[in-house]
Amino acid sequence: MNAILWQAVQILLVVALAPLVTGYVRWVKARLQGRRGAAPWQPYRDLYRLLQKEAVIAHSASWIFRAAPYVTFASVWLAACIVPTFTTNMVLAPAADLIALVALLAVGRFWTALAGMDVGTSFGGLGASREMLIASLAEPAMLMITFSLSLVSGTTAPAKIVAFVLAGNVGIEVSLGLALAAMVMVAIAENGRIPIDNPATHLELTMVHEAMVLEYSGRHLAMVEAAAMVRLTLYIALIATLFAPWGIAQPGAGAIGALLGLAAFLAKTFVLGSVLALFETSIAKMRVFRYADFLGGALLLGLLATIFLYVSEAV
Amino acid sequence: MSQQFSYDIAHLIGATVLMAGFGLLYQRRVFAVLNTFAFQAVALAAAAAWQAHVQHAPHLYVTAAIALLFKAMAVPFALHWLIEKLGIHRTVETALSIGWTMIVGVALVALSIMLVLPVTAAASALTRESLALAMSVVLLGMLMMITRRNAVTQVVGFMALENGLILAAVSAKGMPLVVEISIAFSVLVAMTVFGIFFFRIRERFDSLDVAYLESYRGDRS
């Protein structure tokens with residue numbers, strides 16, 4: 001019974017929290033750059049405003065263009081529901097699996113790229129092709145990380161990995177450090193943050209995500225933006241859950257445990273959000289032709305993580 | 001503090017040195033290479049200091065201090081000064097593309113692991129891991145020397161190789177201080193020789209690209 005309740009809380013939590021996380025990162029960045037910046041809850045107002053507005057659609061757009069925002073948002077939301085944030089005691093936890101997570105995110109990405117190509121503008125096609133370039137490099141890296149984690153813990157289910165780590169079975173492993181570094185690089189690429197893509201730009205030749213969704217307006221744009229926000233929250237939660245699971249409530253922890261887990265999750269989210277803002281402020285955007293090096297680096301780190309497992313005989 | 005924990009920390013620092021080795025291969029700006037090298041030296045100093053603490057071997061603190069003073073400060077500053085003085089190209093010129101270099105780098109790490117595993121079959125898993133790490137750093141330094149065309153970056157590769165040797169030395173118990181000090185000073189001497197060497201190549205070819213040396217057949221003028 002509790003499991004259903006916590007799952008419902010989780011489903012609402014990720015959506016309710018996502019705009020705040022994005023707004024917080026923007027606010028910290030503005031502060032670091034010497035601006036006052038909009039309040040952290042500004043994204044809620046933006047989404048509300050977009051939902052009020054009329055959606056304008058190009059004449060050449062097909063049903064794919066109209067369906068894509070909803071499919072993208074739904075797949076990202078579903079993915080966010082299976083990452084344990086504050087408790088592992090959830091209905092969907094047994095079904096949750098890192099490989100399924102990668103697949104769900106790929107579905108969202110695929111539809112966004114389709115929508116980018118659908119209206120036939122040059123920017124859309126450009127963005128879609130770059131997005132696929134990033135995906136073709138980021139997904140193998142993500143799978144490599146998954147493999148090294150599952151070699152350590154013997155499972156690909158996030159809930160079981162958390163249980164394994166919290167039981168004290170894992171020391172400070174070189175492999176986990178490498179996997180963490182790779183994971184951070186993948187997360188940066190997948191969320192279109194600096195140095196891969198600039199989330200604050202609207203008209204620049206190097207933009208990737210914005211180029212694909214340039215044609216959207218009104219409620220469709222609200223869905224696209226919300227999906228991006230949920231994805232950022234998802235990756236922050238995933239990193240916090242896999243590499244710093246302390247505080248997450250286990251099955252049987254009760255309401256107090258869940259509340260503590262919630263507090264720990266909020267703390268971890270804001271720490272990671274601040275680190276992201278600091279990182280983005282201190283680094284410059286990368287040339288498009290260097291993406292392959294950056295993400296190839298993530299893939300190689302994932303590979304090294306797996307190799308070192310065999311040396312330290314953790315397998 | 002348990003035995004396991006101290007080994008874990010040692011390996012984590014060792015892995016940081018290795019990652020800095022990959023960072024050296026990844027950078028495309030000469031100054032960024034120097035910063036990464038300084039970071040690697042700081043990580044090496046941390047590794048030596050940690051071993052000094054764990055093994056209760058005070059002389060390793062001297063090693064750490066040498067690494068911190070000479071390799072993290074003196075050498076990068078000197079190279080920085082040289083680059084400004086000689087007005088060298090600020091981009092790293094590679095003989096092999098960065099992506100391929102990284103792939104070869106990972107292959108070298110795998111190779112060093114495969115070499116270390118049978119040789120140290122009798123040793124514990126912990127020694128094995130530190131040896132594999134140190135050997136990878138050495139091989140990455142060699143790779144850097146091979147794949148860079150500019151003399152400055154080749155020198156950084158040489159210094160990185162030497163970092164790997166020190167890393168291996170501090171992980172093994174009972175390395176005498178005399179050896180370490182002599183290594184440290186030979187590196188400084190090498191640094192001086194390289195410096196003079198830079199000025200000479202530069203005078204003759206107006207560039208530090210070592211490819212010019214290949215076709216050079218002595219002074220004929």
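## A tour of two helical chains

Start by selecting G168(A): this residue sits just after helix 6 of chain A and has a positive phi of about 80 degrees. Helices here are DSSP runs of H or I with at least four residues, strands are runs of E with at least two, and both are numbered from the N terminus.

Before moving on, a word about what's on your screen. This is a predicted model, where local features need pLDDT of at least 70, side-chain atom pairs count only at pLDDT 80 or more, and totals for chains, interfaces and linings use all residues. Residues are numbered from 1 along each chain as its sequence is written, while chains are lettered from A and ligands numbered from 1 in the order in which they are written.

**Stop 1: helix 6 of chain A**

Now step back from G168(A) and select residues 158-166 of chain A, which make up helix 6. Color P158(A), A159(A), I161(A), V162(A) and V165(A): these are the buried residues of the helix. Buried means 20 or more other C-beta atoms within 10 Å of the residue's own, exposed means 12 or fewer, and partly exposed is in between, with C-beta atoms placed from the backbone. Why do these residues end up on the same side of helix 6 of chain A? They cover an arc of only 160 degrees around the axis, the arc being that of the directions from the helix axis to the C-beta atoms.

Next, bring up what covers them: helix 4 (98-118), helix 5 (122-153) and helix 9 (218-243) of chain A are included in that cover.

**Stop 2: helices 4 and 5 of chain A**

Keep helix 4 and helix 5 of chain A on display and look along their axes, which come within 9 Å and cross at roughly 175 degrees. Axes are lines fitted to C-alpha atoms, for helices over the stretch in contact, and angles run from 0 to 180 degrees between N-to-C directions. The two helices are therefore roughly antiparallel to each other. Angles over 145 degrees get that label; under 35 is roughly parallel, 65 to 115 roughly perpendicular, and the rest oblique.

To see where they touch, show side chains on helix 4 of chain A, including L98(A), V102(A), R109(A) and M117(A), and on helix 5 of chain A, including A128(A), E131(A), M142(A) and T146(A). Contact here means that the C-beta atoms of two residues, placed from the backbone, lie within 7 Å. By class, this contact has eleven nonpolar, six polar and three charged residues. Ala, Val, Leu, Ile, Met, Phe, Trp, Tyr, Cys and Pro count as nonpolar, Asp, Glu, Lys and Arg as charged, and the others, Gly among them, as polar.

**Stop 3: a cis bond in chain A**

Go on to I194(A) and P195(A), which are joined by a cis peptide bond with omega of about 10 degrees. You'll find P195(A) in the loop between helix 7 and helix 8 (209-212) of chain A.

**Stop 4: chain A as a whole**

Zoom out. Chain A has eleven helices and zero strands, and its C-alpha trace spans about 55 × 45 × 45 Å along the principal axes. Of its 315 residues, 49% count as buried.

**Stop 5: where the chains meet**

Show both chains: 16 residues from chain A and 18 residues from chain B take part in the contact. On the side of chain A, helix 7 (174-190) and helix 11 (291-311) are the elements that give two or more residues. Helix 11 of chain A gives the most, with nine residues. That side of chain A divides into nine nonpolar, five polar and two charged residues.

**Stop 6: chain B**

Hide chain A and take in chain B, with its eight helices and zero strands. Its C-alpha atoms fill a box of roughly 65 × 35 × 30 Å along the principal axes, and 40% of its 221 residues count as buried.

Select H56(B), in the loop between helix 2 (30-55) and helix 3 (59-86) of chain B. Although H56(B) is not a glycine, its phi is positive, at about 55 degrees. Is H56(B) buried or exposed? It's exposed, with 7 other C-beta atoms within 10 Å.

From there, follow helix 3 of chain B and add helix 6 (residues 151-171) of chain B; they pack at an angle of about 175 degrees with their axes 12 Å apart. Helix 3 and helix 6 of chain B are therefore roughly antiparallel too. Among the contact residues to display are L60(B), K71(B) and I83(B) from helix 3, and V152(B), N163(B) and V170(B) from helix 6. Nine nonpolar, two polar and one charged residue make up this last contact.
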